[in-house]
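Student: I should like to go through the terms applied to this model and see how each assignment is justified.

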Amino acid sequence: MDLIKAIIIAIIEGLTEYLPISSTAHMGFTANLMGLEETEFLKMFQVSIQFGAILSVVVAYWKKFFDLKNLKFYYKLGFAVIPALVLGYIFDDMIEAVLGNQIAISSVLVLGGVVLLFADKWFKNPVINDEKDLSIKKAVIIGFWQCLAMMPGTSRSAASIIGGMTQGLSRKAAAEFSFFLAVPTMLAVTVYSVFVKTWGKGTLNPMKGYEMILQSQDHITIFIVGNIVAFIVALIAIKAFIGVLNKYGFKPWGWYRIFVGIALLIYFYYFK
């Protein structure tokens with residue numbers, strides 16, 4: 001993977017991480033369409049550049065994240081992230097195995113799109129318009145909803161936003177809490193992928209993520225530039241998404257998922 005292709009993947013990550021359309025699916029499809037070999041470094045890179053996207057939320061909502069007087073905000077995120085940490089660790093190998101199954105991911109993309117077409121009708125009467133009114137119990141329930149995104153193609157954003165709406169949050173409040181919850185979730189995933197997980201188990205040369213990064217100057221450059229690009233693009237995408245969501249709801253994203261999912265199903269079934 002050269003630097004240009006890495007930048008393209010990072011742009012896709014930044015655009016899709018906080019949209020309800022699955023960043024994992026889009027990065028995987030993009031890499032496939034560019035003819036990239038599914039190496040351990042590529043898989044690790046697609047996970048690790050989420051760190052850049054994480055920072056964009058912290059910057060966009062810096063007053064919220066650095067409000068040390070609002071300790072309940074940190075408690076909510078801390079408890080809400082526990083389900084993903086536990087289940088993600090347990091099912092890590094199964095999740096990685098599905099990442100290479102483009103037909104399965106395309107199918108989930110379509111099914112998720114159908115759900116989004118009806119999401120606005122199902123949750124018409126929100127009672128919570130601000131994160132401050134969200135209880136810790138409801139935050140944990142949203143955390144369990146987020147775990148649905150362990151199936152590649154589901155979208156962590158979509159799962160947690162719909163989870164928030166089941167708990168009475170407005171679309172805007174649910175989307176913003178989804179952004180907040182992404183920070184500890186994706187930070188934990190990135191740290192695990194770079195420093196804890198051994199990639200390439202069963203091969204002749206298993207390595208930790210940081211060992212692959214430090215393997216060459218090209219890998220170091222790709223890792224750093226990828227995170228910077230993902231940060232910049234995600235910072236723009238967050239604000240744009242909130243505007244579209246408030247004005248049009250989930251339907252545009254639902255139709256997008258269905259159209260792209262069907263197109264990719266045809267592509268991978270008949271041409272790959």
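Tutor: The discussion below takes burial, salt bridges and the pocket in turn. This is a predicted model, in which local features need pLDDT of at least 70, side-chain atom pairs count only at pLDDT 80 or more, and totals for chains, interfaces and linings use all residues. Residues are numbered from 1 along each chain as its sequence is written, and side-chain values use heavy atoms, with hydrogens and water left out.

Student: Why is Glu 17 called buried or exposed?

Tutor: Buried means under 20% relative accessible area, exposed over 50%, and partly exposed in between (1.4 Å probe, protein chains only). Glu 17 has 4% relative accessibility, so Glu 17 counts as buried.

Student: What makes Arg 156 and Glu 17 a salt bridge?

Tutor: The term requires a side-chain nitrogen of Lys or Arg within 4 Å of a carboxyl oxygen of Asp or Glu. For Arg 156 and Glu 17 the N to O distance is 4.0 Å, and the side chains meet in a salt bridge. Arg 156 lies in helix α10 and Glu 17 in the loop between α1 and α2, so the pair ties together parts 139 residues apart in sequence; helices are DSSP runs (H or I, at least four residues), numbered from the N terminus.

Student: How is Glu 40 classed?

Tutor: Its value is 23% relative accessibility, so Glu 40 counts as partly exposed. Glu 40 forms a salt bridge with Lys 43, the closest N and O atoms being 3.1 Å apart. At 13% relative accessibility, Lys 43 counts as buried.

Key. Helices (H or I, at least four residues) and strands (E, at least two) are DSSP runs, numbered from the N terminus.
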